[in-house]
Amino acid sequence: MSRPRRLPGFSYLGPSRYFLTLCTHRRAPAFRSADVVQRTLLEFFRTSHYASFAVLAYCFMPDHLHLLVEGTSAWSDLQAFVTVAKRCSGTAHAAIHGTPLWQEGYHERVLRPTDDPRAIARYILENPVRAGLVQSPTAYPFLGSGLWSVAELLDSVSK
């Protein structure tokens with residue numbers, strides 16, 4: 001499988017927002033396990049701290065992860081952030097389960113400055129509902145934000 005192309009002429013550096021989708025290896029349902037989700041989330045938050053990224057919203061679906069992230073400094077490098085977070089979470093997963101966690105590459109959408117990040121958060125939080133996994137985002141255990149409480153985020157996007 002080839003990696004998705006990046007946006008030509010865009011540096012992926014600095015204070016930009018991105019909507020990311022990362023798929024599990026062979027689309028295995030690895031994120032049905034709370035332990036796998038928690039370990040992976042910990043690695044993404046740890047990496048986001050060192051890479052100067054804020055995790056605005058996330059949702060772990062059984063075979064993929066949606067993230068809304070924002071670079072918080074001029075040195076924020078999306079490609080480095082995703083590479084390191086995937087490597088660290090994948091290494092931890094492989095040590096326990098003996099299998100790869102991630103499919104090669106990832107998909108990103110670069111948000112324009114005029115895009116409303118709450119609209120993207122709405123999409124992310126409602127993904128389990130659209131997939132028929134739950135009736136309401138509040139019933140799904142594997143979503144959240146590093147900036148807001150789930151209640152704040154759901155309230156702000158429902159208006």
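In this predicted model, the largest nonpolar core has 43 residues. Those with the most contacts inside the core are L20, L22, L65, L67, V69, L78 and F81. Two or more core residues come from each of β1, α1, β2 (53-61), β3 (64-71), α2, α3 and α4 (150-157). Of these, β2 gives the most, with eight residues.

L20 shows how one such residue is surrounded. Leaving aside neighbours within four places in sequence, L20 is in contact with L65, H66, L67, V69, L78, V82, Y106, H107 and E108. Among these partners, L65, L67, V69 and L78 also appear in the list of core residues with the most contacts.

**Aromatic pairs**

The structure holds 11 aromatic pairs. Two of them are given below.

| Pair | Geometry | Centre to centre | Angle between planes |
|---|---|---|---|
| F31 and W102 | tilted | 5.6 Å | 50° |
| F44 and F81 | edge-to-face | 6.2 Å | 85° |

The F31 and W102 pair links distant parts of the chain, with the two positions 71 residues apart in sequence numbering. F31 sits in the loop between β1 (17-23) and α1 (34-51), and W102 in the loop between α2 (78-97) and β4 (107-110). F31 has a relative accessible area of 1% and is therefore buried. W102, at 10% relative accessibility, also counts as buried, because the cut-off is under 20%. The angle of 50° between the planes is neither under 30 degrees nor over 60, so the pair counts as tilted.

The F44 and F81 pair likewise links distant parts of the chain: F44 is in helix α1 and F81 in helix α2, 37 residues apart. Both residues are buried. The planes of F44 and F81 are 85° apart, which is over 60 degrees, so this pair counts as edge-to-face. F81 is also one of the residues with the most contacts inside the largest nonpolar core.

Which residues do the ring pairs link into a cluster? They are Y12, Y18, F31, F44, F45, F53, Y58, F60, F81 and W102. Both tabulated pairs, F31 with W102 and F44 with F81, have their members in this cluster.

**An exposed proline**

P141 lies in the loop between α3 (117-130) and β5 (143-144). Is P141 buried or exposed? Its relative accessible area is 57%, so P141 is exposed, in contrast to the buried F31. P141 and P100 are 41 residues apart in sequence, and their C-alpha atoms are 23 Å apart in space.

Methods: Residues are numbered from 1 along each chain as its sequence is written. This is a predicted model: local features need pLDDT of at least 70, side-chain atom pairs count only at pLDDT 80 or more; totals for chains, interfaces and linings use all residues. Side-chain values use heavy atoms; hydrogens and water are left out. Rings of Phe, Tyr and Trp (its six-membered ring) pair if their centres lie within 6.5 Å; planes under 30 degrees apart count as stacked, over 60 as edge-to-face and the rest as tilted. Helices (H or I, at least four residues) and strands (E, at least two) are DSSP runs, numbered from the N terminus. Buried means under 20% relative accessible area, exposed over 50%, partly exposed in between (1.4 Å probe, protein chains only). A nonpolar core is a set of buried Ala, Val, Leu, Ile, Met, Phe, Trp, Tyr and Cys residues joined through side-chain atoms within 4.5 Å. Contact means heavy atoms within 4.5 Å.
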